[in-house]
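Visitor: I would like to go through the ligand site of this model. Please give the general idea of each term, then the case here.

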Amino acid sequence: MLTGMNDFKAFRVHLEGERIVPRLERLTLDDLSPGDVVIRGAWSGINYKDALAATGKGRILRRYPLVAGIDIAGTVETSSDPRFRAGDAVVVIGAGLSEVRDGGFAGFARVPGDSVTPLPAGLDLRTAMAIGTAGFTAALALHRMEQNDQRPELGPIAVTGATGGVGSVAIDIFSRRGYQVTALTRKAGAEAYLRGLGASAVEPIPAMAPGDKPLERVRWGGAVDNVGGELLAWLTRTVAPWGTIASVGMAGSAGLSTTVMPFILRGVSLLGISSPDVPRALRLAVWQRLGGDLRPAHLDRIVTREVSLDELPGCFEAYIAGDVTGRTLVRL
Ligand SMILES: NC(=O)c1ccc[n+]([C@@H]2O[C@H](COP(=O)([O-])OP(=O)(O)OC[C@H]3O[C@@H](n4cnc5c(N)ncnc54)[C@H](OP(=O)(O)O)[C@@H]3O)[C@@H](O)[C@H]2O)c1
């Protein structure tokens, strides 16, 4: 049970020798990395990066020990930053949480004021974490693709890693904006879920031979790619002239081997999407849209699990195995 800033539960990751050892612990505020704003956590959520950090499958933490969790939503407890007052509802995603400072899987977080986003109109704390880094990233991809002149007339948007957190919200918000969306998934049996989010077509990940022709038949107006590797290379070969591919993730591979032909013969754009340290004005603009015209319509379906901190340690392996559908909310 949480009893306050001097005794709260946290999921903290240690390095013992060469081993990553995560533990549920009781901490006090003094254990947390410094910052101007103390937040009483209400909700967090699980992202792929959290699974990498908690299992040690990826070296996400750059110092140890650290509280894991790249996202948190809650209310300000104390603030020496004049932009925030006790009781304000706020959200923090990325911003070095669970990399260089203590993160969101805890009763309290202490963070620099610059990383804090006031809860946007149209969202409550739980909804903000149903969106989380995953949904923010999908919205950032849409926002930046449209800044690069993506529009529905160019053709359908391919979303890879479709059943994951980013993929699920991407399908929801792109379809809401009037795009046809094709969900590309490895999961047989996910069709009803994906169509329920707004996908107009669902396809299995195609078998691809590396080093195929530099250009293939155009299939997509644009794409949101969570997988990387050969799938991303194939997208570069099949996106329409002037279409944009948002490179979001590397769930399959961090590699990319393609040619310049899609870029110089079709004007295809490959857009890098990086959510952790988005410049403040852009971050606020995207969150504002998430509470407004991009508010996902199907979060009730996308949130497939809600767990307590006690249940959290058992959640990560499924992410590494790629078995998860939708998002997991964490009750703090
Ligand atoms: N750039 C950024 O700022 C940013 C922000 C958030 C996330 N990401 C990255 O984006 C990716 C998705 O994140 P997420 O939170 O949505 O993760 P997630 O919920 O775990 O979903 C990942 C999805 O990718 C697919 N997948 C998993 N392993 C795969 C493999 N070995 N080969 C091919 N497909 C695989 C699966 O979808 P299907 O079974 O449907 O194919 C899985 O549901 C991750 O790589 C994450 O690190 C990046």
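Visitor: Which residues come nearest the ligand?
Guide: A residue is near a molecule if one of its heavy atoms lies within 4 Å of it. Of the 26 residues around the ligand, those that come nearest are T163, V166, T185, I273 and S275. This is a predicted model, in which local features need pLDDT of at least 70, side-chain atom pairs count only at pLDDT 80 or more, and totals for chains, interfaces and linings use all residues. Residues are numbered from 1 along each chain as its sequence is written, and side-chain values use heavy atoms, with hydrogens and water left out.

Visitor: How is the shell around the ligand divided into nonpolar, polar and charged residues?
Guide: Ala, Val, Leu, Ile, Met, Phe, Trp, Tyr, Cys and Pro count as nonpolar, Asp, Glu, Lys and Arg as charged, and the others, Gly among them, as polar. The shell has eleven nonpolar, 13 polar and two charged residues.

Visitor: What lies 2.6 Å from an oxygen atom of the ligand?
Guide: A polar contact is a pair of N or O atoms within 3.5 Å. In this case the partner is an N or O atom in the side chain of T185. A polar backbone atom of G164 is 3.4 Å from a ligand oxygen, and a backbone N or O atom of V324 also lies 3.4 Å from an oxygen atom of the ligand.

Visitor: How much of the ligand's accessible area does the protein cover?
Guide: Accessible areas come from the Shrake-Rupley method with a 1.4 Å probe. On its own the ligand has 910 Å², and the protein covers 88% of that.

Visitor: Which domains give the shell at least three residues each?
Guide: Domain bounds come from an automatic or database domain assignment. Domain 1 (8-119 + 298-331) and domain 2 (133-272) each supply at least three.

Technical notes: A polar contact is a pair of N or O atoms within 3.5 Å; within protein, one must be able to donate a hydrogen and the other to accept it, and residues adjacent in sequence count only if both atoms are side-chain atoms.
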